[in-house]
Amino acid sequence: MNTQALTTYSRARSRAAWAAELAAARTARSTGDTRAEWMHLERAHILSQPMVGAHVRTHLAMLTVALRRHDGHELIGQLLRTIVAAPGSLTGRYPVGNTGGADVSAFAPMPIPEDLRPLLPETDEAP
């Protein structure tokens with residue numbers, strides 16, 4: 001497989017995994033499992049960081065959760081993160097592995113869950 005095909009394949013796998021995490025978050029919400037909903041949004045965030053549109057959409061989903069929960073701290077955090085998501089993805093300047101919630105620094109890299117590592121090109125060989 002040539003490099004371009006590999007990149008396209010990797011992007012397709014990342015995007016599919018991101019979409020699956022968003023779907024799992026919606027399912028969790030529909031069953032009232034707010035913890036699982038947030039966990040899936042955090043996983044979606046990790047996957048979305050290299051993808052401009054997906055990154056912004058993930059923060060908008062997190063913003064919606066903050067609105068629904070009437071969580072002012074998370075609401076402000078998500079507003080700010082939504083603004084910087086696109087420029088961060090476009091420039092590649094984002095904290096790899098960051099879960100995206102207002103409970104963590106928007107600039108702190110974090111460990112990537114083992115099962116997500118192969119889906120993120122820059123982490124293929126991470127320890």
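# Close-up views of a four-helix chain

**Figure 1. Arg68 pairs with Glu37 in a salt bridge, with 2.6 Å between the closest N and O atoms.** Arg68 sits in helix α3 and Glu37 in helix α2, so this pair ties together parts of the chain that are 31 residues apart in sequence. What you're looking at here, and in every view below, is a predicted model. How exposed are Arg68 and Glu37? Arg68 has a relative accessible area of 32%, so it counts as partly exposed. Glu37 comes in at 4%, and because that is under the 20% cut-off, Glu37 is called buried.

**Figure 2. Here's the overall layout of the chain, to help you place the other close-ups.** The protein chain has 4 helices and 0 strands. Walk along the sequence and the pattern reads α-α-α-α. The chain runs to 127 residues, and 42% of them are buried.

**Figure 3. Arg43 and Glu21 form a salt bridge through their side chains, at 2.8 Å from N to O.** Where do Arg43 and Glu21 sit along the chain? Arg43 belongs to helix α2 (residues 34–48) and Glu21 to helix α1 (residues 3–30), so to speak two distant parts of the chain, linked by residues 22 positions apart. Both Arg43 and Glu21 are buried. The pair also has company: Asp115 joins Glu21 and Arg43 in a network of salt bridges.

**Figure 4. Arg117 and Glu114 make a salt bridge with 3.6 Å between their closest N and O atoms.** Which partner is buried, and which is exposed? Arg117 is the buried one, since its relative accessible area is 15%. Glu114 is exposed, with 57%. Across the whole model, the salt bridge count comes to 4.

**Figure 5. A nonpolar patch on the surface is made by Ile76, Leu80, Ile83 and Val84.** Taken together, these residues offer about 420 Å² of accessible area. Zoom in on Ile76 and you'll find it in helix α4, which covers residues 72–91. Is Ile76 buried or exposed? With a relative accessible area of 53%, Ile76 lands over the 50% cut-off, and therefore counts as exposed.

**Figure 6. The largest pocket holds about 280 Å³ of space.** Its lining takes in 16 residues, and the ones closest to the centre are Val84, Arg93, Pro95, Ala106 and Phe107. Two elements, α3 (52–69) and α4, each give two or more residues to the lining. Which element has the largest share of that lining? That would be α4, with 5 residues. By residue type, the lining splits into 7 nonpolar, 7 polar and 2 charged residues. If Val84 rings a bell, that's because you met it in the previous view: Val84 is also one of the residues of the nonpolar surface patch.

**Figure 7. His70 has a positive phi, near 55 degrees, although this residue is not a glycine.** Where does His70 sit? Look in the loop between α3 and α4. The side of the story about accessibility is simple: His70 counts as exposed because its relative accessibility is 73%, and the cut-off for exposed is over 50%.

**Figure 8. Ala24 and Ala36 have C-alpha atoms separated by 8.3 Å.** Along the chain, the two alanines are 12 residues apart. Ala24 is part of helix α1. Why does Ala24 count as partly exposed? Its relative accessibility is 23%, so Ala24 falls in the range between buried (under 20%) and exposed (over 50%).

**Figure 9. Thr82 and Met62 are 9.4 Å apart in space, going from C-alpha to C-alpha.** In sequence, Thr82 and Met62 have a spacing of 20 residues. You'll find Thr82 in helix α4, the helix that also holds Ile76. Is Thr82 buried or exposed? Thr82 is buried, given a relative accessible area of 17%. Ile76, by contrast, is exposed at 53%.

Note on methods:
Residues are numbered from 1 along each chain as its sequence is written. This is a predicted model: local features need pLDDT of at least 70, side-chain atom pairs count only at pLDDT 80 or more; totals for chains, interfaces and linings use all residues. Side-chain values use heavy atoms; hydrogens and water are left out. Patches are made of residues with over 30% relative accessible area and no salt bridge: like charges are joined within 9 Å, nonpolar side chains (Val, Leu, Ile, Met, Phe, Trp, Tyr) within 5 Å. Accessible areas come from the Shrake-Rupley method with a 1.4 Å probe; for residues, only the protein chains shown count as cover. Buried means under 20% relative accessible area, exposed over 50%, partly exposed in between (1.4 Å probe, protein chains only). On a 1 Å grid over the protein atoms alone, a cavity is a set of points where a 1.4 Å probe fits but cannot get out, and a pocket is an open set with protein on both sides within 12 Å along at least five of seven lines; lining residues have an atom within 4 Å of a point. Grid points are joined across faces, edges and corners, and a volume is the space filled by probe spheres set on the points. Ala, Val, Leu, Ile, Met, Phe, Trp, Tyr, Cys and Pro count as nonpolar, Asp, Glu, Lys and Arg as charged, and the others, Gly among them, as polar.
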